[in-house]
Amino acid sequence: MKMRDDDLILEVNGTRVRDGFIPRSMKELPIEFHKTATELVLKLVSYGLDEVRYNGTSAMFEVNSLIENSCGLCGWFGSQAQKFRRPSGHRATDEVSFVQSWVVPDKCGGDCKLRHTTVRHENPILMGQENPQCATNLPVTRCAEGCSATSTTKTLASFHCVPSGSTLPTDLTVLAEKSQDLLDLVESHTSCSCEQEKCTA
């Protein structure tokens, strides 16, 4: 659920769902959806969501007893073990990185200019290592290429480090499984200005 061009829309895995029409690829999904003058209303009763109402700035949730069988943004009902669970299944280090991990970037040219990317530590200090190279184990939100941040925040991130001269992994899934060698605050972007966004053909 999101606001795009002053219109409330629903997307599932990047596919827009229009009021009264469920795409063929989603026919198996037990979803009910309609739009009022001011809200999007979504129902996934078999998944524990009796109703979700979204007005463009906030969402209201009505859940039933099946919620204890669901996981996601709310974690596992009644379990502290799954608190701050990211979409990848990894646990976020703080509230900011948790919320930002659930940001769904638009395709190039869309409204949301944030992207999930690794960030390198500029000046890591590790005992017994000279000039190590370190990158975040889990992605951080940064503006798309050709865009600049208009607001930022600090979030706690873990870094995987390798000795100077070694090759640091760049694949996000590989980094997520590597050792956490350093904890430090990093700058993450929360909004962007994109006068010259670079879109690949």
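A disulfide is a pair of cysteine sulfur atoms within 2.5 Å. The legends below describe a predicted model, and they open with a view that applies this definition.

**Figure 1. Cysteine 147 and cysteine 194 form a disulfide.** The sulfur atoms of this pair are 2.1 Å apart. The two cysteines join distant parts of the chain, since cysteine 147 belongs to the loop between S10 and S11 and cysteine 194 to the segment after S12. In sequence, the two are 47 residues apart. The link is right-handed, with 115° about the S-S bond. How accessible is cysteine 147? Its relative accessibility is 16%, and cysteine 147 therefore counts as buried, because buried means under 20% relative accessible area. Cysteine 194, in contrast, has a relative accessible area of 24% and is partly exposed.

**Figure 2. A disulfide joins cysteine 143 to cysteine 192.** The distance from S to S is 2.1 Å in this pair. Cysteine 143 is part of strand S10 (residues 140–143) and cysteine 192 is part of strand S12, so the disulfide ties together parts of the chain that are 49 residues apart in sequence. Is this disulfide left-handed or right-handed? The torsion about its S-S bond is about -95°, so the disulfide of cysteine 143 and cysteine 192 is left-handed. Cysteine 143 is buried, its relative accessible area being 13%. Cysteine 192 has a relative accessibility of 21% and counts as partly exposed.

**Figure 3. Cysteine 134 and cysteine 161 are joined by a disulfide.** Here the distance from S to S is 2.0 Å. The pair links distant parts of the chain, with cysteine 134 in strand S9 and cysteine 161 in strand S11. These two cysteines are 27 residues apart. The link is right-handed, with 110° about the S-S bond. Both cysteine 134 and cysteine 161 are buried. The structure holds three disulfides.

**Figure 4. Three strands form an open sheet in the order S9-S11-S12.** The pairing in this sheet is antiparallel. Which strands stand at the edges? Strand S9 (133–136) and strand S12 (182–193) do, and each has a single partner strand, so one side of each is left without a neighbour in the sheet. From one strand to the next, the twist averages 45°. Strands of a sheet pair through backbone hydrogen bonds, in either a parallel or an antiparallel manner.

**Figure 5. Four bridges join strand S9 to strand S11.** Strand S11 covers residues 148–162, and the two strands run antiparallel. What is the bridge partner of alanine 135 in S11? The partner is histidine 160. The disulfide of cysteine 134 and cysteine 161 also connects these strands, as cysteine 134 lies in S9 and cysteine 161 in S11.

**Figure 6. Alanine 149 is located in strand S11.** With a relative accessibility of 33%, alanine 149 counts as partly exposed. Alanine 149 and histidine 189 are 40 residues apart in sequence, while their C-alpha atoms are 5.9 Å apart in space. Which residues does alanine 149 touch, when those up to four places away in sequence are not counted? They are Cys143, His189, Ser191 and Cys192. Two of these, cysteine 143 and cysteine 192, are joined to each other by the disulfide of Figure 2.

**Figure 7. Serine 101 is found in helix H1.** This helix spans residues 95–101. Serine 101 counts as buried, at 9% relative accessibility. A polar atom of its side chain lies 2.7 Å from the backbone oxygen of phenylalanine 98. When residues up to four places away in sequence are not counted, serine 101 touches Arg86, Pro87 and His116.

**Figure 8. The secondary structure of the protein consists of two helices and twelve strands.** This legend gives the setting for the close-up views. From the N terminus on, the elements run β-β-β-β-β-β-β-α-β-β-β-β-α-β. Of the 201 residues of the protein, 34% count as buried. Among contacts with a separation of 6 or more, 52% are accounted for by residues 24 or more positions apart. The protein has an accessible surface of about 12700 Å², and 50% of this surface belongs to carbon and sulfur atoms.

How values were computed. Residues are numbered from 1 along each chain as its sequence is written. This is a predicted model: local features need pLDDT of at least 70, side-chain atom pairs count only at pLDDT 80 or more; totals for chains, interfaces and linings use all residues. Side-chain values use heavy atoms; hydrogens and water are left out. Two strands pair if DSSP finds at least two bridges between them. Axes are lines fitted to C-alpha atoms, for helices over the stretch in contact, and angles run from 0 to 180 degrees between N-to-C directions. Buried means under 20% relative accessible area, exposed over 50%, partly exposed in between (1.4 Å probe, protein chains only). Contact means heavy atoms within 4.5 Å. Accessible areas come from the Shrake-Rupley method with a 1.4 Å probe; for residues, only the protein chains shown count as cover. A polar contact is a pair of N or O atoms within 3.5 Å; within protein, one must be able to donate a hydrogen and the other to accept it, and residues adjacent in sequence count only if both atoms are side-chain atoms.
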